[in-house]
Amino acid sequence: MASAARRDDPKLVPAVAGQWERIAQRVDALADEELARPGRLPGWSIADHVVHVLGAADALAAAIAGTSPPDTDRLPADDLLRLRPRLRGCVAAAVAELDGADLARPVMTAAGGTRLGDFLVTLVLDGVVHGLDLGVDPARDALRIAVRTIIGLLAARAPGRCVEVRVPPFAAIQVIEGPRHTRGTPPNVVETDPVTFVDVVVGRLSWVDAVADGRVRASGSRADLRPFLPLPFLPLLPGSVRQIG
């Protein structure tokens with residue numbers, strides 16, 4: 001069984017770098033007319049998602065520098081010609097500073113103090129979720145860390161050994177109180193791919209729709225995660241609580 005992502009994961013820094021570089025490239029490639037289109041979050045445009053990821057990049061740069069992050073959520077979403085180069089610059093500078101950084105050192109975020117490594121785990125999760133909102137295919141290590149982070153949170157919210165949740169190739173865990181399974185094929189199984197798992201758990205895709213079209217395969221009378229979804233996430237990043245909390 002896989003455990004939650006750890007701040008000492010040797011692939012954590014490359015995952016942050018790879019995911020956020022992909023996001024910066026995607027934002028650069030957005031045509032101006034795309035910015036006004038509706039995003040995947042109700043009431044959000046693509047421009048709003050871009051402003052959010054800029055806030056996350058600003059928060060990362062500020063955490064590394066030991067300064068307070070700017071209030072990016074208040075930036076005008078229609079001024080993205082100026083914001084796009086700023087996103088590239090924040091990502092590039094942060095990635096350079098992370099090389100050899102002490103992931104155990106304390107940093108300040110908009111939500112308070114934490115360790116740099118723990119902050120990066122949350123940044124990976126935020127980058128995967130909002131990257132998908134912008135049409136970014138997640139970097140493999142970023143997706144792995146996001147899935148393991150989420151599955152650890154699910155285990156904490158729904159403790160037990162009744163239902164086996166499988167997200168191959170990254171994670172599997174037993175959750176939910178009830179009869180414990182010890183050998184053979186589990187009677188209650190939920191299985192899905194990593195991207196679908198992320199989308200369902202953060203509320204981008206409904207459980208009912210995912211089961212109906214086969215993206216989630218749920219077998220057994222107790223194989224239903226709806227009472228525990230969407231999961232609340234600790235909002236370490238500006239605006240995160242609006243969506244994944």
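Start your tour by selecting Pro169, which sits in the loop between β3 and β4. Look at the bond that links it to Pro168: this peptide bond is cis, with omega at about 5 degrees. Before going on, keep in mind that this is a predicted model. Its mean pLDDT is 82, and 82% of the residues reach 70 or more.

**The sheet**

Now show the strands on either side of that loop, and then their partners. Four strands make up an open sheet, ordered β4-β3-β5-β6, with mixed pairing. The edges are β4 (171-175) and β6 (216-219), each of which pairs on one side only. Going from one strand to the next, the twist averages 10 degrees.

As you step through the sheet, one general point helps: strands pair through backbone hydrogen bonds, in either a parallel or an antiparallel way. Here are the stops:

- Select β3 (residues 163-167) together with β4: the two run antiparallel and are joined by five bridges. To find one of the pairs, colour Val163, whose bridge partner in β4 is Val175.
- Next, add β5 (residues 189-192), which runs parallel to β3 and is joined to it by three bridges. Arg166 has Glu191 as its bridge partner in β5.
- Finish with β6, which pairs with β5 over four bridges in the antiparallel sense. Thr192 is matched with Val216 of β6.

While β4 is still on screen, click on Ile176, in the loop between β4 and β5. Ile176 is not a glycine, yet its phi is positive, at about 75 degrees.

**Helix α5, between sheet and helix**

Which strands does α5 touch as it packs on the sheet? Display α5 (residues 140-157) and you will find it against β3 and β4, with its direction at about 5 degrees to that of β4.

Then bring in α1 (residues 12-29), whose axis comes within 7 Å of the α5 axis and crosses it at roughly 115 degrees. That angle makes α1 roughly perpendicular to α5. The crossing is left-handed. To see the contact itself, show side chains for Leu12, Ala15 and Gln19 on α1, and for Asp141, Ala142 and Ile145 on α5. By class, this contact has four nonpolar residues, one polar and one charged.

**Helix α1 against α4**

Keep α1 in view and add α4 (residues 116-133); the two axes come within 9 Å and cross at roughly 30 degrees. Here too α1 passes its partner in a left-handed crossing.

What does α1 bring to the contact with α4? Select Leu12, Val13, Ala15, Val16, Gln19, Trp20 and Ile23. On the α4 side, pick Gly117, Leu120, Val121, Leu123, Val124, Gly127, Val128 and Gly131. Sorted by class, the α1 contact with α4 has eleven nonpolar residues, four polar and no charged ones. Leu12, Ala15 and Gln19 of α1 appear in the α4 contact and also in the one with α5.

**Last stop: towards the end**

Move along to Pro230, in the loop between β6 and α8 (240-244). Another cis peptide bond is found here, joining Leu229 and Pro230, with omega at about -10 degrees.

Finally, colour by pLDDT and select residues 234-245, where the value stays under 50. For this stretch the model has 39 contacts beyond four places in sequence.

Technical notes:
Residues numbered from 1 in each chain as written. Predicted model: local features only at pLDDT ≥ 70, side-chain atom pairs only at ≥ 80, totals over all residues. Heavy atoms only, no water. Axes fitted to C-alpha atoms, helices over the stretch in contact; angles between N-to-C directions. Parallel < 35°, antiparallel > 145°, perpendicular 65-115°, else oblique. Left-handed = near helix turned anticlockwise from the far one by under 90°. Contact = heavy atoms within 4.5 Å. Nonpolar A, V, L, I, M, F, W, Y, C, P; charged D, E, K, R; others polar. pLDDT = per-residue confidence, 0-100. Pairing = 2+ DSSP bridges.
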